[in-house]
Amino acid sequence: MDAQEGTQQSQQQILAHKVFLLKHRDVPDIEKVRLKDEVLNTVKSNDMTPYYENLVADKVLDLDHSALDSMRAKNEEEIKKLDEKIADAEENLGESEVREAHLAKFLYFIQIGEKEKALEHLKVSENKTVAVGQKMDLVFCSLQIGFFYMDFDLISKSIDKAKILFEKGGDWERKNRLKVYEGLYCMSTRNFKKAANLFLDSISTFTTYELFPYDTFIFYTVLTSIISLDRVSLKQKVVDAPEILTVIGKIPHLSEFLNSLYNCQYKSFFLAFAGLTEQIKLDRYLHLHFRFYMREVRTVVYSQFLESYKSVTIEAMAKAFGVTVEFIDQELSRFIAAGKLHCKIDKVAGVLETNRPDAKNALYQATIKQGDFLLNRIQKLSRVIDL
């Protein structure tokens, strides 16, 4: 899908991000003027008639009839040439040439933003492809289409198809690329733990530059790891990871965010966290989970602070985080009520008392609950059978 060789992000993914920013209410108007010009230039240079019509319908771009007619004429001319090549290949050439002709038409439909027709020709190309490696490349194309349009159903089916193909064979380079695609899918669908594990497995073998640059990959890896890994694993896999250390300083606030959490410098952590919120909010894959991620990070940091105490004053905790007593009181009340923190507030004494559940006791209670549930189901089933 116009995936460029080397270390460049694909033009389609760059375009999708710019369109996302154009639709985002927090992006300044002056920035949107620049983005609109860049999007329009990309659309015109690639003759993206169907995509342009969608953007006009969404009121992202203004309708220009002359530009639309010009792009449509070029599309018709190019499609006619591609159809002639397919016909010639089917009449005079072999299966390999027929496949290449269909593939060329498939890639052109991707280029102009004609999703449905691209997927139709993808199926034709797949049916004419024998080699597992070539089939995998087509699956990666369909994954890129999925991420361009944020079609999670298409992404999920493509990942499943890729895994089936890998059972028949496939090289390590493609397998490692799939981990990044699947990790991005998991992150986009709020499965941060699985996303973190997949990203961490791919740190030293990352080649998926068509999706995003390596800096962005490290950004996602750190964010997902912080709310997914325990303290020991975070130190081993993230804080001390040489691949992360070489890049993390280039990303604003990320180093302070990670290291202040691990080093228990909570005031610095909150300052770094505030600096990162804008990046998360303006990320195409993370913006839908912005509030959820904010809550999960605060749960992690509050839990880590309280881990060291059996009881602590609210004032001491507020001072450690550099916030007011009222703020901490309101925050903890919400998290305790939601079952995220295991402690209670003594409002009169101004003290927090932790009541961390014992792991064995928690397992025992869970087993009892599951047993009761199973007995209830059996009793209901026996009534039905008796009738």
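These exercises walk through one predicted protein model, each with a worked solution.

Residues are numbered from 1 along each chain as its sequence is written. Local features need pLDDT of at least 70 and side-chain atom pairs count only at pLDDT 80 or more, while totals for chains, interfaces and linings use all residues; side-chain values use heavy atoms, with hydrogens and water left out.

**Exercise 1. The whole chain**

Task: Describe the protein chain by its secondary structure, box and buried share.

Solution:
- Start with secondary structure. The chain has 19 helices and 3 strands. Helices (H or I, at least four residues) and strands (E, at least two) are DSSP runs, numbered from the N terminus.
- Next, take the box. Along the principal axes, the C-alpha atoms fill roughly 85 × 70 × 45 Å.
- Then turn to burial. Of the 387 residues, 45% count as buried. Buried means under 20% relative accessible area, exposed over 50%, and partly exposed in between (1.4 Å probe, protein chains only).
- Finish with the domains. The assignment gives domain 1 (7-129), domain 2 (309-356) and domain 3 (362-386). Such bounds come from an automatic or database domain assignment. The centres of domain 1 and domain 3, taken over C-alpha atoms, are 56 Å apart.

**Exercise 2. Helix α6 and serine 125**

Task: Check the length of helix α6, then place serine 125 within its surroundings.

Solution:
- Work out the expected span. It is 1.5 Å times one less than the number of residues. For the 13 residues of α6 (residues 115-127), that should be 18 Å; the end C-alpha atoms are 19 Å apart, which agrees.
- List the buried residues. They are Lys115, Ala118, Leu119, His121, Leu122, Ser125 and Glu126.
- Look at the spacing. An α-helix has 3.6 residues a turn, so residues three or four places apart point the same way.
- Find the partners. The buried residues of α6 pack against α5 (95-112), α7 (132-149) and α8 (152-168).
- Zoom in on serine 125. Its relative accessibility is 0%, so serine 125 counts as buried. Leaving out residues up to four places away in sequence, serine 125 touches Arg99, His102, Leu103, Phe106 and Leu138. Contact means heavy atoms within 4.5 Å.

**Exercise 3. Two helix pairs**

Task: Decide how α11 lies against α14, and how α16 lies against α18.

Solution:
- Know what to read. Two packed helices are described by the angle between their axes and the distance between the axes. Axes are lines fitted to C-alpha atoms, for helices over the stretch in contact, and angles run from 0 to 180 degrees between N-to-C directions.
- Know the classes. Under 35 degrees is roughly parallel, over 145 roughly antiparallel, 65 to 115 roughly perpendicular, and the rest oblique.
- Take α11 (residues 214-226) and α14 (residues 254-262). Their angle is about 25°, with axes 11 Å apart. The two helices are therefore roughly parallel.
- Name the contacts. Ile218, Phe219, Val222, Leu223 and Ile226 in α11 meet Leu254, Phe257, Leu258 and Leu261 in α14.
- Take α16 (residues 290-307) and α18 (residues 325-337). Here the angle is about 105° and the axes are 11 Å apart. This pair is therefore roughly perpendicular.
- Name these contacts too. Arg295, Arg298, Thr299 and Tyr302 of α16 meet α18 residues including Phe327, Ile328 and Glu331.

**Exercise 4. Two positive phi values**

Task: Locate aspartate 47 and methionine 150, and state the burial class of each.

Solution:
- Recall the rule. Most residues other than glycine have a negative phi.
- Aspartate 47 has a positive phi, near 55°. Aspartate 47 lies in the loop between α2 (29-45) and α3 (49-57). With a relative accessible area of 14%, aspartate 47 is buried.
- Methionine 150 has a positive phi of about 55°. Methionine 150 sits in the loop between α7 and α8. At 24% relative accessibility, methionine 150 is partly exposed.
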